[in-house]
Amino acid sequence: MEAPKCSKHSYPKLWSRLWALACPSWSSEKNSESCTTSLHYEALNNYKEMDTQPSTSSIPVSLYKYQPCLSAASTSGRVTPSPPPPLAEEYSCEFGSLKYLILCSLGGVVSCGLTHTAVVPLDVVKCRMQVEPKRYRGLVQGLTLTVQEEGMRGLVKGWAPTAIGYSVQGLGKFGLYETFKIYYAELLGPERAYLWRTSLYLAASASAEFFADIALAPMEAVKVRIQTQEGYANTLRDAVPKMFIEEGLWAFYKGVAPLWMRQIPYTMMKFACFERTVEAIYKYVVPKPRDQCTKMEQLGVTFVGGYIAGIFCAIVSHPADSVVSVLNKEKGSTAVEVLKRLGMQGIWKGLFTRILMIGTLTALQWFIYDSVKVYLKLPRPPPPEMPASLREGLSLK
């Protein structure tokens with residue numbers, strides 16, 4: 001059987017250019033026509049033999065991408081034109097690969113560094129409410145008093161150690177969380193990983209935060225000293241040598257234990273609550289599956305889930321945060337002594353300000369982190385579903 005003849009001008013110039021991209025070695029018009037004719041001939045044979053539309057799996061991706069729609073002139077009316085199915089979303093790397101984990105760490109640097117630096121004014125007032133509750137009685141009053149005494153510059157005290165410390169912490173927090181989550185899931189297997197997913201989120205986030213806080217502790221100590229001890233130092237380069245001369249290396253790490261007490265429960269709640277909240281939103285609130293939502297709709301769910309998680313984060317971590325603030329201000333104090341002195345009422349001072357700060361901060365962190373993953377074309381797995389083997393096992397019972 002001979003291949004059907006195509007006229008010289010069967011296709012517009014656009015298709016000729018696309019075929020030139022697909023077959024760069026066939027640059028001449030004659031070779032381009034030959035390529036098009038042979039592909040049509042193969043497509044028509046498939047239609048005739050299978051009486052159905054040819055599967056995209058039988059056509060190379062490079063050819064399928066540039067394959068023109070069959071026209072009535074070229075097929076003599078025997079084939080109904082149909083648009084090609086949408087191509088699958090392309091990712092820049094494989095899920096769980098080293099490149100994926102490195103880029104996730106970069107997303108953590110951007111999300112944590114930017115958000116913590118943006119809320120420095122709230123952080124200044126919150127820390128002063130914890131260490132000087134008689135002078136700083138509330139958020140608005142604390143902001144006003146700070147501006148009256150130190151000007152607008154007083155509201156951004158400690159921005160440099162905040163930006164550096166929390167950028168490094170974000171690198172470890174998000175990058176190591178993804179690493180530990182994949183590692184623990186592989187240890188448990190698909191069925192246990194699904195059934196125990198909340199415990200898996202808690203274990204992975206706690207493991208990640210343990211190491212992230214070691215990197216954060218020095219800059220956190222410097223930040224609190226600048227913000228709460230009046231006249232001590234105004235900049236990072238002034239505070240660091242002064243603290244080292246007075247107390248040595250211990251000045252930068254004496255708050256690491258209370259920092260673990262504050263940050264590990266906070267991060268466990270941040271990740272576990274976020275993961276389960278997003279899962280619940282897609283299951284009970286959003287009227288369509290996640291893969292049918294637009295990118296902006298998915299990011300909106302991320303923001304809402306992050307804010308809900310942030311409220312719980314602030315509550316569970318606030319007592320330890322109060323201890324850290326007082327401990328880093330004073331010389332020679334221990335966490336136990338500070339806790340006894342503050343009492344039950346003192347450790348909850350400034351909770352509303354912290355909820356406002358941490359809720360917004362956590363929501364923005366998740367939104368920025370997810371946006372970075374979208375921008376870098378990283379895989380973003382949907383909420384977990386029950387494995388088929390587990391579903392079959394439960395149906396047999």
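**Exercise 1. A buried ion pair.** Both Arg197 and Glu279 are buried in this predicted model. Determine which interaction joins the side chains of Arg197 and Glu279, and state which helices hold the two residues.

*Solution.*
1. The two side chains form a salt bridge, with an N to O distance of 2.9 Å.
2. Arg197 belongs to helix H10, whereas Glu279 belongs to helix H13 (residues 256-285), so the bridge ties together parts that are 82 residues apart in sequence.
3. The structure contains 17 salt bridges.

**Exercise 2. A pair within one helix.** Describe the salt bridge between Lys223 and Glu220, and establish whether each partner is buried or exposed.

*Solution.*
1. The closest N and O atoms of Lys223 and Glu220 are 3.8 Å apart; the cut-off for a salt bridge is 4 Å.
2. Both residues lie in helix H10, at a separation of three residues, or about one turn of the helix.
3. An α-helix has 3.6 residues a turn, so residues three or four places apart point the same way.
4. Lys223 has a relative accessible area of 2% and Glu220 one of 3%. Because buried means under 20%, Lys223 and Glu220 are each buried.
5. The pair also belongs to a network of salt bridges that links Asp123, Lys126, Glu220, Lys223 and Arg262.

**Exercise 3. A pair with partial exposure.** Classify the accessibility of Lys288 and Glu297.

*Solution.*
1. The side chains of Lys288 and Glu297 meet in a salt bridge at 3.3 Å, N to O.
2. Lys288 is partly exposed at 29% relative accessibility, and Glu297 is partly exposed at 35%.

**Exercise 4. Cysteines.** Explain why Cys313 forms no bond with the closest cysteine sulfur.

*Solution.*
1. A disulfide is a covalent bond between the sulfur atoms of two cysteines.
2. The closest cysteine sulfur to that of Cys313 belongs to Cys273 and lies 6.8 Å away, which is too far for a bond.
3. The structure as a whole holds zero disulfides.
4. Cys313 is buried, with 0% relative accessible area; Cys112 is likewise buried, at 0%.

**Exercise 5. A nonpolar surface patch.** Identify the helix that supplies the largest share of the nonpolar patch, and classify Met344 by accessibility.

*Solution.*
1. The patch consists of Phe303, Val304, Ile308, Ile311, Phe312, Ile315, Val316, Met344, Trp348 and Leu364, with about 810 Å² of accessible area together.
2. Helix H14 (residues 295-329) supplies the largest share, seven residues.
3. Met344 is located in helix H15 (residues 335-346) and is exposed at 63% relative accessibility.

Key: Residues are numbered from 1 along each chain as its sequence is written. This is a predicted model: local features need pLDDT of at least 70, side-chain atom pairs count only at pLDDT 80 or more; totals for chains, interfaces and linings use all residues. Side-chain values use heavy atoms; hydrogens and water are left out. Patches are made of residues with over 30% relative accessible area and no salt bridge: like charges are joined within 9 Å, nonpolar side chains (Val, Leu, Ile, Met, Phe, Trp, Tyr) within 5 Å. Accessible areas come from the Shrake-Rupley method with a 1.4 Å probe; for residues, only the protein chains shown count as cover. Helices (H or I, at least four residues) and strands (E, at least two) are DSSP runs, numbered from the N terminus. Buried means under 20% relative accessible area, exposed over 50%, partly exposed in between (1.4 Å probe, protein chains only). A disulfide is a pair of cysteine sulfur atoms within 2.5 Å.
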